[in-house]
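Me: I'd like to zoom in on one small part of this model. Could you start there and then show me a few other spots along the chain?

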Amino acid sequence: MALQPGKGKVEGKHYLPSTPETVRWGELPTARTRPVLTVDTGATVTVDTVSQEGILEDQGRDPDAFFGRHGVTTAEVLEDARAIAASGMPHRFGVDGPHIVTGPVYVRGAEPGDVLRIEVVSLLPRARYGLISNRHGQGLLAGEFPEGPPPDDDADSRHWHGFRTVSSFCAVERRRGKLFGALDASTAGGARVRFPLMPFMGIMAVAVETGAESGTDGDGGAVAMPSTSVGLHGGALDCRELGVGARLYLPVQVPGALFAVGDPHYSAGDGKIGLTALEGPLRATFRLTALREPAARSALGTLREPFVETEACWLTLGLDVDVTEAVRRAARSAVLFLSSRLGLERAAALAYLTAAADFGISQVVNGVHTAYCRLRRADFSETPPRPRLPRAALGRLVGPEDDDGLDRDAAIDSEISDNGSRDTIGRHGGGRGRPSAGAGTARPLAAGASLADADGDGQESSAVDGQPVDGHTVDGSAGDGHAVDGQPVDGHGARTPGGDGPGSDPADVSPNDQAEDEDTDGDTPAVPVGQEATAASRPPPPPGQRSHDHDEARAAGGQTAGVIGQRSRDHGEARAAGARQPGRDPAPRGAGKATGRPAPDSPSAAGR
């Protein structure tokens, strides 16, 4: 059934019906128009709007007779539409604007220089039908549609068929909780034409100050504003983004703003090329709020033109008789908004518009065209990522103590359980606090290899926690003599991050410096390099004995890894005592490295 005036749910605090006393046919309000309702700023108003379709002169100005031809009963014809059509209100078809405009509403506190924010709270269809009309001489394809002979010269409301207007009836259907429009037409295959409804108001406007010029509007000498006009005051914007939840911002030009609304739509395509959209009456609820500085600047920046805001996007509008210039105006408004509201540089704003914004045409049928620029709000919602905190070098085993005097690596080593788990840094990463795959289990030895020669390459290496020794890495790849994690390799000092002091460059370290650096604090003697060399140069056990020892270590549940873990713990204790580890410090010139090579004074070195 139809949603008759005052019946059903009224959401707003104030209710405004459409009657011959509260509407203007074909005109927008001016500064001299008397308001029909006064509300406080921030108040909600529910308006029962009326569509002009079905009551215009080229449709007989009799909604009962016109809609009855399409099967609409008298009970489904709106009472306010019937009353306006029969009221005798003066209206000149083809001369005056066609729309029924309800209002205006005076908003207390709104003054020129403010911005009126119109929030669309709800839009409810009042009828189960609507019309789409195409008239001669109007629309994008004027002269091509309507097809057929032109209107008769003597056509009027009593001989309305002579206008030869083509009106397509459209029923409103509900499917799975959604509303659809169904055209009274079908395809050649018998399929129905159905599309979803997206209700919005085609006209939302504030009054303008026209001045006392020639002509009157019947209220005291001001020039009338046709309902088809668009400008800073809003007007017939026909922007389909103005659905439920949208906000329209209009600069206030007269005291009280004098807000008016009309031209309700059930659905419209961009451009509205055929003159009308799917026209149908709506019960619309608005929240009217007057914004002063700095609230207006917070919402719009320095932009003071019609502006649309939805949950997903912002829209700037461009208005001009030339469609290209209308698009330019929308683009300029977008640059102004992005620079003054969001703080973008103008060049960056233009770059964004070129790469990501959507430009389109709302309507091209009202003389002054309406173009828009759509900006996605999500494109400006992300904040810059927070910089990550600096992390200690992975696998740092030797280095200065922290500022609090505590050795962090020694504390971490003490937390490692006795199951053989340990931190390693191999060729594929891993680090302190991240046990490598297979930690806590013994690594199988290559055939004929000892614990010191785990990779079976014939050279024993005393790698501790993954540090390369003797030019080989833990995985057996050849080293290049460069420092790993700040540790000296192959007798060279590692370059420190600061780049100064001994060890910053291998050339800066002399043999005397290395000898003096053996004992830095005087209380803990350094471990002689030759001692480790002698131990490392012991002859390997027979192959059978090595295999037997390896089997026992593997049966003991990871003893091999435990031996290496013990080396790491011994290394931490030695470092805490201020001692340097063998194989870590640069060896004096002429001394053998701890790699199984004989020391200079060993018997095997004789004859070299």
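Which residue in β11 stands opposite Ala 182?

Reply: It's Arg 194 that stands opposite Ala 182. Before we go on, keep in mind that this is a predicted model, where local features need pLDDT of at least 70, side-chain atom pairs count only at pLDDT 80 or more, and totals for chains, interfaces and linings use all residues. Residues are numbered from 1 along each chain as its sequence is written, and side-chain values use heavy atoms, without hydrogens or water.

Now, your hairpin. Strand β10 covers residues 178-186 and strand β11 covers residues 192-196; they pair in the antiparallel sense over four bridges. (Two strands pair if DSSP finds at least two bridges between them.) Five residues sit between the strands, and in this hairpin Gly 190 takes a positive phi near 90°.

Zooming out, the chain has ten helices and 23 strands. Those names come from DSSP runs numbered from the N terminus: H or I for helices, at least four residues, and E for strands, at least two. Of the 608 residues, 44% count as buried, where buried means under 20% relative accessible area, exposed means over 50%, and partly exposed is in between, using a 1.4 Å probe and protein chains only.

Helix α5 (residues 346-356) shows how that plays out. Its buried residues are Ala 349, Tyr 352, Leu 353 and Ala 356. They cover an arc of only 105° around the axis, so they lie on the same side of α5; the arc is that of the directions from the helix axis to the C-beta atoms. Ala 347, Thr 354 and Ala 355 are exposed on the other side. What do the buried residues of α5 pack against? They pack against α4 (323-340), β22 (358-363) and β23 (369-376).

Leu 3 is worth a look too. You'll find Leu 3 in the segment before β1 (14-16), and with a relative accessible area of 19%, Leu 3 is buried. Leaving out residues up to four places away in sequence, Leu 3 touches Gly 8, Leu 78, Pro 125, Arg 126 and Arg 283, with contact meaning heavy atoms within 4.5 Å. Leu 3 and Glu 76 are 73 residues apart in sequence, yet 8.5 Å apart in space, C-alpha to C-alpha.

Finally, try Ile 273, in the loop between β17 (259-267) and β18 (278-279). Its relative accessibility is 43%, so Ile 273 counts as partly exposed.
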